[in-house]
Amino acid sequence: MRDGEAERRDVPPAPGVVALSHDPVRKWRWQDTLLPTLLAVTQVLVSASPDVSAAVAQVLAPDFSGVTHGTARIVLVTLSTTLACVALVLRRVAPEWALGGILAAALLGIGTGGTAVVWPLAVTLALYSLAVHRTAGVAAAGATATSLVAAVVATAADAALRTVAGITLLVAGAAAMLWVAGRSRRRRRAGRSAVAAYHARASSIPRFAADAERERLAAELHDVAAHRLTGIVVSAAAATRLGDPRLAAEAIGHAADAGRQALTELDRLVASPGPMPPKNTKPPNQTTGLNHTATLNHTEHPSRFTSSNRTAPLNDTPVLADIDVLVARHGRLDYLRTAVAAPPEVGAVAYRVVREALTNAMRYASGASRVRVESTHGGLVVTVTDRGGTAAAPGLGTGNGLAGLCSAVSRLGGSFTAGPAKHGWEVRAHLPYDPIASSPRSAPPPRREHWRGAAALDAALVVLAIALSLGAGLAPGDDPDAFASPLPGLLLATLFALHALPLWWRRNAARRGLTVTLATLVVWLGLDLAGWPGPRISDTFLWSWWVELALLYAIGVHRTGARGWPAPLAVAGVGGLVLAAGDGIHGNRPAVWAVLTTALAIPCVAVWALGMYVAARRRRRGAATAQGRDLLDRDAASAASAERGRIADGLRRTARRHAQNVIEEADAGRLDSVLAEARAGLAALRKLLAELRSVDDGDDPPPTVDGIAALAARRGAVARYVGTRSPLPPAVEVAAYQVAGELLASGDTLTVTFPGEGVTLSSGPMSVDPSLERRLRVLLDACDGRLMTDHDGTIRVWLPETFVP
């Protein structure tokens, strides 16, 4: 029961992590004593009435007298009732211990010969509570233990082997029913609390969208516009200082060209992005992951906030060959590039490292002397070294360039160093990459653990149907006994299985499953007419009819429109046929069939209509959710657009105006004015960047996949996004956010991948903490997720997009 142990740990949520209410730390409440008190009173009333006590004893233990001595029986009844009631008080706080105590009480109760009446109800409540408050594995273990205890009790009562098997199957079927009910409630609670957490923080999404847009613009302004203006200042200052007419002409030409490029980049930087894709439909799958991989640093938010906040350059994503052109603009350098190709995100960061390092070499030294872009085993190494000396134009830096480079390199899982070298300053970045692992489509999503998810509920229904049918068939009775010989018994078991197995397909192929069950009934009817030595279908149908009703409900839920209307009529017709063929029917059987069919059609149509109503309600709820998300997307886009407009106004008044002046002065041939305007533009840009640096106000990020980036920033960690973002249900968004909080508490890097069928979060390699694994398994238990731990300590969590409360 290790999964359940994690739920008792009072682990407070880390800062910025939503504490979902579906799995809280439970404390004892006085209300937990109400049911045990009621059961104790019931036991007292039954014991006070000898007639009632004798009747109950015939039901609970008809063939076992137990302890016959009056005093000993009273003592056992008292012990059994007390133990069951005390254990039942703990059913929420420690349900596994409660079940153990109640099973012990059941053993004592059986010893009373059926006089103790509390334990059957107590076992039922304990199994249900275990399924609600513990994980699937723990609840299944409790149901199995209960079935084994029933077998032991039946064996101790000297029951025949066949009776022991029948009792065990009946108890297993009842336990499966309680497991289904408890698991369904656990899933509903998990989904509803996640949706509530999502809506509680949804109002913060536009504000975080504006923050993301501001941070994106700050990074682009620093990397693009500042680079252009710095080059203008350095070349103009050098030409002015040397007084060489040729250098002055070159500096003026360079200023005009760089000024126009800076002006174009500034205009494109603040331009409105294209329309966002609709969020209520899935985008088409990409053909290759590498060509569509997007990465974000730990201060950025992904595309749900705004479609423009991806860290893509203004032009096409730079490749390694673009570094050749960049280096060529900086005069003669000792330049060597041995790397031929790299993934787009790695090439873009390598370009950014070289560009920033060359700019800093102009700002703080006499220029760069050596640039290397070299391929290594599983990565890329970029090295830029300057020759030291005095800066041509000191005081041009913004103070944020190296920090930005460190962040960009870290988000790829690389390392970054910058410091004094032998004759100057060296910047070195190691950018690891694996082309296969970098592709989000290279590996299919992990296979679901069906025994934990929604399919497990269908499997439990199959177990319930087969166990109840076989258990009832194994019980001795007056009907023809099919299990008296092997062949009829095997045939009966096969009929039970064929009738129950279609419940496994009720979500995906309910109509075909219903066809199989009805065909099984018809075959069984044929066996009855042939006189086989087994129970008649007319008797069996009355207590196994719920299988057909469950499939009818599934058809109503999962088949849109009224196309499923023949299904309830078919069930009513076949049901009327098998009932009309019973031994107790006399007279005109076709007329009886018509009457029975009409009578059965009423509940059949009602159940099918109920399924259709539930389906329509789900569609309305889904449409409302999609509409709400679209409104949030529009609000987020509006907030980002407003922030972009505010920054654009500031640029037009300051840096853009100075860049325009640089062009005009360069066209007029006034080098001194070019230098002054370029310096003024850099100063204005530096001031604007200082204003754009966001200050963390302490407000929690929205609990979404997009909010993971802000959560990582709070932890001083990095979050990387790989793949094309697809819409996810709110419950999955919140679950992914909380999983990220758990992983970031133990690691400093996190990769969020969109494989096309949900979302995968991975972190590591790390030293795997068993308590972390237990907490993650508890969290994933209710949302059909899967936890995988690689041999190197990398933890991967997969959340399917199909989890909807």
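Five strands form an open sheet in the order β1-β2-β3-β5-β4, and their pairing is mixed. Two strands count as paired if DSSP finds at least two bridges between them. Helices (H or I, at least four residues) and strands (E, at least two) are DSSP runs, numbered from the N terminus. The edges of this sheet are β1 (334-337) and β4 (415-420), each of which pairs on one side only. On average, neighbouring strands of this sheet are turned by 10° against each other, direction ignored. Such angles run from 0 to 180 degrees between N-to-C directions, and axes are lines fitted to C-alpha atoms, for helices over the stretch in contact.

The model is predicted: local features need pLDDT of at least 70, side-chain atom pairs count only at pLDDT 80 or more, and totals for chains, interfaces and linings use all residues. Residues are numbered from 1 along each chain as its sequence is written, and side-chain values use heavy atoms, with hydrogens and water left out.

Within the sheet that begins with β1, strand β2 (residues 368-376) and strand β3 (residues 379-386) run antiparallel and are joined by eight bridges. One of the bridge partnerships links threonine 376 with glycine 379 in β3. Two helices pack on this sheet. Helix α11 (residues 320-328) touches β1, β2 and β3, and its direction makes about 170° with that of β1. Helix α13 (residues 401-410) touches β4 and β5 (425-432), and its direction makes about 150° with that of β4. Contact here means heavy atoms within 4.5 Å.

A further open sheet has the strand order β6-β7-β8-β10-β9, again with mixed pairing. Its edge strands are β6 (718-722) and β9 (786-789), each pairing on one side only. The twist averages 20° from one strand to the next. The table lists three antiparallel strand pairs, including one from the sheet described above.

| Strand pair | Bridges | A bridge partnership |
|---|---|---|
| β2 and β3 | eight | threonine 376 and glycine 379 |
| β8 and β10 | six | serine 763 and isoleucine 795 |
| β9 and β10 | four | leucine 787 and valine 797 |

Strand β8 covers residues 758-763 and strand β10 covers residues 795-800. β9 and β10 form a hairpin with five residues between them, and glycine 793 in the turn has a positive phi of about 95°. In a regular strand, side chains alternate between the two faces of the sheet.

Attention now turns to a pair of helices. Two packed helices are described by the angle between their axes and the distance between the axes. The axes of helix α15 (residues 486-500) and helix α16 (residues 510-530) come within 8 Å and cross at roughly 155°. The two helices are therefore roughly antiparallel to each other, a description used for angles over 145 degrees, while angles under 35 count as roughly parallel, 65 to 115 as roughly perpendicular and the rest as oblique. Among the residues of α15 that meet α16 are Leu491, Leu495 and Phe496; among those of α16 that meet α15 are Val516, Leu521 and Trp524.

Aromatic residues also meet in this region. Phe496, Trp524 and Trp532 form one aromatic cluster. The structure holds four aromatic pairs. Rings of Phe, Tyr and Trp (its six-membered ring) pair if their centres lie within 6.5 Å; planes under 30 degrees apart count as stacked, over 60 as edge-to-face and the rest as tilted. Tryptophan 524 and tryptophan 532 form an edge-to-face pair, 6.4 Å centre to centre with 75° between the planes. Tryptophan 524 is buried, with a relative accessible area of 2%, and tryptophan 532 is buried as well, with 12%. Buried means under 20% relative accessible area, exposed over 50%, and partly exposed in between (1.4 Å probe, protein chains only). The rings of phenylalanine 541 and tryptophan 545 have their centres 5.9 Å apart and their planes at 40°, so this pair is tilted. Phenylalanine 541 and tryptophan 545 are both buried.

Glutamate 220 lies in helix α9 (residues 205-242). Glutamate 220 counts as buried, at 11% relative accessibility. Its C-alpha atom is separated by 7.5 Å from that of leucine 269, although the two residues are 49 residues apart along the chain.

For the protein as a whole, there are 25 helices and ten strands. Buried residues make up 51% of the 805 residues. Among contacts between residues at least 6 apart in sequence, 77% join residues at least 24 apart.
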